[in-house]
Amino acid sequence: MSVGAGSSGVGAVAAVDLGATSGRVIVGQVGQDTLEATTVARFANDPVATPDGMHWNLLGLYSAALAGLRQALRAAPDVASIGVDSWAVDYGLLRDGRLLGTPFHYRDSRTERGVAAVHERMPHAELYRRNGLQFLPFNTLYQLGAEPTDLLGFADTALLVPDLIGYWLTGQARTEVTNASTTGLLQADTRTWDEELMAALGLPRGILPALIAPGERLGALLPEVAASLGAGSGVSVTAVGSHDTASAVVAVPMRSESAAYISCGTWGLVGVEVERPVLTDEALAANFTNEGGVDGRVRLLHNVMGLWVLSETVRGWEREGHDIDLPTLLGAAAEVDPATVPVFDVDDPRFLPPGDMPARIAAWCAEHDVAAPRTHAEFARSIVESLAQAFADTARLAGRIGGVDVETIHIVGGGSLNRLLCQRTADRAGMPVLAGPVEATALGNLLVQGRAAGFVGGSLESLRDLVARTHAPTRYDPRPRE
């Protein structure tokens, strides 16, 4: 049921935003001139290591999300709908509605055998012509390729993380299309499941549910869920850009014909928005991906390792007993002469798994005959410089591959608060960086819900204009080279 705005022209919706390290529940007030987001709950998302590998504590996340939604409904009893977004690629297997085991974490090493199993049947170049995805060893099709065949044969449904949460809330099993586009099993041109590919890979027919688009109603809350949340009968779950980057790109206050975006958090997703997939040899060679966006747009982007390298470095120092304050560390890093620290390849696969990042950076430097950083500040500056160079290079390349004349780079997400990173990206790219909003994923989630409920109308461009009017970005102009 579509719910119109109240007499004020502003309506309330709630977003469940699950990131790779933490989750939040946000209440949004959305109207033609209003876009406000209030976080009512935050909770950690810590992986769990067991003898068989690294897993997500998905039941714990769901429990925390429910507790957050109770707070949201107490804060805003008139909430009209709920939308769920999360990281991509990971999934749960079900049989008759029951979860079969605990979902694996995409950083688990089992994906290596999945890559070998899939590429034995179909090489990456052929996969790219079908799905348009960059090679990442944890893409869903590789994870499914690592599953025991008897388990896959027993399961009757596979649901990506936000779709699984939506299923538990409503009892409706659907796969939202922006997140489906990260699986490797969606046809790039038609945005439908590639049943021929699934058959070639030996995946069970029908294990993937019907698709649903952002803005479509998934269903009403199950009666028992509504009762536990204190929700009225009119509250439903609305599909949003359930891949968190798809939601984030909705809220980038950009002009897509002249801008690149970086959704910067654990990962740095660097790209441009285009109207149709780009499946050229150049895009394949550059390992660019074509992921679904809201309103049928295509997110032509490349995954850069992102702030994961810095955060894992800090965690390592803290495990060694050092007391690290990130703002103080970045302040000290800003005083380091950038010419004295190495710029390393942040996309080197050695930086993907958890572990001793400073040792890996030092090993990279030794292999490339450059001096490694020595102090904490030097390591932090080296990481920032390396990320900034990767961001600048990838933004320019995205523009060339996608036919976009990039004049401005927008950085949204947590990385937009890192002033040193934003400034050095502008310096290295030689073009302005507009930073913010930091809460882009939540805002994009809220906007899609608000539009579906009738609180705000118009095109994607008009939604971005609302973001620009209510959440003005911070501008960083490139400085002359020293």
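**Figure 1. Helix H6 and strand E13 at the largest cavity.** Helix H6 and strand E13 each contribute at least two residues to the lining of the largest cavity in this structure, which is a predicted model. The largest share of that lining, three residues, is supplied by H6. The cavity has a volume of about 120 Å³ and is lined by 13 residues. Those that lie nearest its centre are Pro162, Asp163, Leu218, Val237 and Ala239. By character, the lining of the largest cavity divides into seven nonpolar, three polar and three charged residues. In total, four cavities of 30 Å³ or more are counted.

**Figure 2. The open sheet of six strands.** The strands of this sheet follow the order E3-E2-E1-E6-E13-E12, and their pairing is mixed. Strand E3 (34-44) and strand E12 (217-220) occupy the edges; each has a single partner strand, so one side of each is left without a neighbour in the sheet. From one strand to the next, the twist averages 25 degrees. Strands of a sheet pair through backbone hydrogen bonds, in either a parallel or an antiparallel manner. Strand E6 (residues 81-86) and strand E13 (residues 236-238) run parallel and are joined by two bridges. Within this pairing, Ile82 has Val237 of E13 as its bridge partner. Val237 also belongs to the residues that lie nearest the centre of the largest cavity.

**Figure 3. Helix H1 across the sheet of six strands.** Helix H1 (residues 58-75) lies across four strands, namely strand E1 (10-18), strand E2 (22-31), E3 and E6. The helix runs at about 140 degrees to E3, a strand that stands at an edge of the sheet.

**Figure 4. The open sheet of three strands and helix H6.** The order of the strands is E8-E7-E9, with antiparallel pairing. The edges are formed by strand E8 (98-99) and strand E9 (157-160); each has a single partner strand, so one side of each is left without a neighbour in the sheet. Strand E7 (residues 91-95) pairs with E9 in the antiparallel sense over four bridges. Tyr91 has Leu160 of E9 as its bridge partner. Helix H6 (residues 161-170) lies across E7, E8 and E9 and runs at about 110 degrees to E9. The helix H6 shown here also supplies three residues to the lining of the largest cavity.

**Figure 5. The second largest cavity beside strand E9.** This cavity has a volume of about 50 Å³. Its lining consists of Tyr91, Thr140, Ala158, Leu159, Leu160, Thr175, Thr183, Trp193 and Leu208. The bridge partners Tyr91 and Leu160 therefore both appear in this view. E9 gives the most to the lining, with three residues. The lining of the second largest cavity divides into six nonpolar, three polar and no charged residues.**Figure 6. The second largest pocket.** The volume of this pocket is about 420 Å³. Its lining comprises 21 residues, and Leu136, Pro137, Phe138, Pro349 and Leu352 lie nearest its centre. Helix H2 (111-121) and strand E17 (298-304) each supply at least two residues of this lining. The lining residues of the second largest pocket divide into ten nonpolar, six polar and five charged.

**Figure 7. A salt bridge between Arg130 and Glu196.** Side chains of opposite charge can pair when their charged atoms come close. The structure holds 30 salt bridges. In one of them, the side chains of Arg130 and Glu196 meet with an N to O distance of 2.9 Å. This pair links distant parts of the chain: Arg130 lies in helix H3 (residues 124-131) and Glu196 in helix H8 (residues 195-200), 66 residues apart.

**Figure 8. Backbone details in two loops.** A cis peptide bond joins Gly436 and Pro437, with omega at about 10 degrees. Pro437 is placed in the loop between strand E19 (433-435) and helix H17 (440-453). In the second loop, which connects E6 and E7, is Val89. Phi of Val89 is near 70 degrees, a positive value in a residue other than glycine.

Technical notes:
Residues are numbered from 1 along each chain as its sequence is written. This is a predicted model: local features need pLDDT of at least 70, side-chain atom pairs count only at pLDDT 80 or more; totals for chains, interfaces and linings use all residues. Side-chain values use heavy atoms; hydrogens and water are left out. On a 1 Å grid over the protein atoms alone, a cavity is a set of points where a 1.4 Å probe fits but cannot get out, and a pocket is an open set with protein on both sides within 12 Å along at least five of seven lines; lining residues have an atom within 4 Å of a point. Grid points are joined across faces, edges and corners, and a volume is the space filled by probe spheres set on the points. Ala, Val, Leu, Ile, Met, Phe, Trp, Tyr, Cys and Pro count as nonpolar, Asp, Glu, Lys and Arg as charged, and the others, Gly among them, as polar. Two strands pair if DSSP finds at least two bridges between them. Axes are lines fitted to C-alpha atoms, for helices over the stretch in contact, and angles run from 0 to 180 degrees between N-to-C directions. Contact means heavy atoms within 4.5 Å. A salt bridge is a side-chain nitrogen of Lys or Arg within 4 Å of a carboxyl oxygen of Asp or Glu.
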